Amino acid sequence: MIVPNKSVNTLHNSLSFSMLSLTVSLGVASTTILTTSCVLAQIPTVAEQMLPGEKTISQVNQSFVNPSTGNDKTGNGSESAPWQTITQALEASQSNSLIILSPGTYSAKTGEVFPLILKPGVAIQGDINNKGKTVTIIGGGEYLSRRFGGQNVAIVGANQASLSGVTVTNSNARGYGLWIESSNVVVRENTFANSTQDGIAVTGDGTPSISKNYFVRNGANGITISGNARPEIRENIFQATGFGINVAQNAAPVVVGNQIQDNRSGIIVQANATPMLRNNLIQGNKEDGLVVIAQARPDLGLSYDPGKNVFRNNGRYDINAQTAKLVISAAGNNLVSNRISGKVDLQGLSAPTARNTGSNPLSTANSADTPITFSPATVTNSPHQRTVTPLRIRSIPRPNQLPQLSNNQADLPQFNYVQLDSGAIEFVAPQAAAGQNRQNSAPISTPQSYIATGQNVSYRVRVLVLVANQQQQNLVTSLVTDAFPKVWQGHKVMQVGVFTSEESASEAINIFNSKGLKAVIETIK
């Protein structure tokens, strides 16, 4: 455990996770691994050794943070005069820097400004020996995602950054712990607990490495992977959540050596997702171990490359592929045939679909006008009044025929209906009414079914922010890192996103207006 009065030599000995995450070489290596289909099944564990071009701890800039004894005004980030906030440490850090956190709670009360935006090449290190049990980051703030509109996020990832040895909690309404959008941040030896929505969300072209973390009691999902993301999810524990892992859109993660247990359902794979699953333990989930929907095609093992996943003691099915359109290859797993529903090839002779290695069609770098097909869900003040068509795995019942949760499942996380584009399925934790304590709010009774909608998206709007000077441009890019300048009706503007939901666009407008900027909505024909 790292404390400010320890010597640098002691620090060197205690940091088992070195600055591997800070180098370009690691990012390139991770991307190569994740996009080479012929070797995916043989991915070795990342070795604890130096790679060419890396720096040791003594060769990088270090700064120290202590929420109790530090001071952002009189401190300088040294071991004897630490900063008080991670916010200040990030602002003062350059690439190839290490921020060392002392035990304590980092929150708005101690001066943190959320969301914490990680910086390229900067590592944040708490206590990796106990997965951040003594180093807690609690809070969240408005973050404007180019693909999802306004979100409440505690931490936002960045390329070549790393986060290790902390506990992250976002108890705000629909709060995310860590948001990773088109970056390759390294996330290791952390705890993601008690966020109201997800522990981690990965989207865009993200290729992060997420390993040896503990996900527990997050409101909706342990981790959601969408877009064209290709993360490596290795040796994590997902427990006591709605979906342990939710894989959507065209995502193609590598999921290896994880324990996924005691959730509502272990893993859900939907849309056109093509994850690869190897050596995972999927057990004790209340409904299904693995759910496969629509055109999704997970690779659970081939005849020449066994999956070695272990399924046991899941409540309904180990593999529920009743609504899957394609045959699922699942050779070499610990499975019982009567615990499988749907088209599952246990011999592994079905040819898998091509891995998702192309560029992200949603990326604004390729086309600023490309529509966003996975819009953020919105929860009204009266969630019971929202109406959508429920889709069950077995059948499509009428609303008045939906079953209720049984008494022995009353302690499970409960979820509201939400409406999503493109037939996506998402769990959203219920929100307490204004001024109501979330822990004391009554659970919302919802059916044990998977919810989907299949509406076609034809309405698109873009949000533009008028900028008169460089200071305003900098403010816009601080809120949306990939916003870009253009000329609109003779005015200088920054385009910050294209949305399929007017609600999402309005959220973006409100964020910029609150910052003293003028934002406008333009309909795209």
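The protein chain exposes about 21,100 Å², and carbon and sulfur atoms supply 49% of that area. Keep in mind as we go that this is a predicted model. Of the 525 residues in the protein chain, 57% are buried. The secondary structure consists of five helices and 35 strands, so let us spend our time with the strands, remembering that strands of a sheet pair through backbone hydrogen bonds, either parallel or antiparallel. One more figure helps to set the scene: if you take the contacts between residues at least 6 apart in sequence, 62% of them join residues at least 24 apart.

A good place to start is an open sheet of nine strands with parallel pairing, in the order β1-β2-β5-β9-β12-β15-β18-β21-β24. Its edge strands are β1 (61-65) and β24 (276-278), each of which pairs on one side only. From one strand to the next, the twist averages 10°. Step inside this sheet and you will find strand β9 (residues 162-164) beside strand β12 (residues 186-188), the two being joined in the parallel sense over three bridges. If you would like a residue pair to look for, Ser-162 has Val-186 as its bridge partner in β12.

Val-186 also leads us on to the next stop, as it is one of the residues in contact with Ser-209. Ser-209 belongs to strand β15 (residues 209-211), which follows β12 in the order of the sheet. Is Ser-209 buried or exposed? Its relative accessibility is 12%, and because buried means under 20%, Ser-209 counts as buried. Once neighbours within four places in sequence are set aside, its contacts are Val-185, Val-186, Val-187 and Glu-232. You can also look from Ser-209 to Arg-234: these residues are 25 apart along the chain, and their C-alpha atoms are separated by 7.9 Å.

Now turn to another open sheet, again of nine strands with parallel pairing, whose order is β3-β6-β10-β13-β16-β19-β22-β25-β27. Here the edge strands are β3 (104-106) and β27 (310-312), and each pairs on one side only. Neighbouring strands of this sheet are turned against each other by 10° on average, with direction ignored. At the β3 edge, three bridges join β3 to strand β6 (residues 135-138), and the two run parallel. Tyr-106 gives you a handle on this pairing, as its bridge partner in β6 is Ile-137.

Our last stop is further along the chain, where antiparallel pairing comes into view around strand β34 (residues 491-499). How many of the nine residues of β34 are buried? Seven of them are, which leaves this strand mostly covered. Strand β32 (residues 461-466) pairs with β34 in the antiparallel sense over six bridges, and within this pairing Arg-462 stands opposite Val-498. Strand β33 (residues 484-488) is also an antiparallel partner of β34, this time over five bridges. Here you can look for Val-487, which stands opposite Lys-492 in β34. β33 and β34 form a hairpin with two residues between the strands, and in this hairpin Gln-489 takes a positive phi near 50°.

Technical notes. Residues numbered from 1 in each chain as written. Predicted model: local features only at pLDDT ≥ 70, side-chain atom pairs only at ≥ 80, totals over all residues. Heavy atoms only, no water. Buried < 20%, exposed > 50% of the residue type's maximum accessible area, 1.4 Å probe, protein only. Helix = DSSP H or I, 4+ residues; strand = E, 2+ residues; numbered from the N terminus. Pairing = 2+ DSSP bridges. Contact = heavy atoms within 4.5 Å. Axes fitted to C-alpha atoms, helices over the stretch in contact; angles between N-to-C directions. Areas by Shrake-Rupley, 256 points an atom, 1.4 Å probe, with all protein chains shown as cover.
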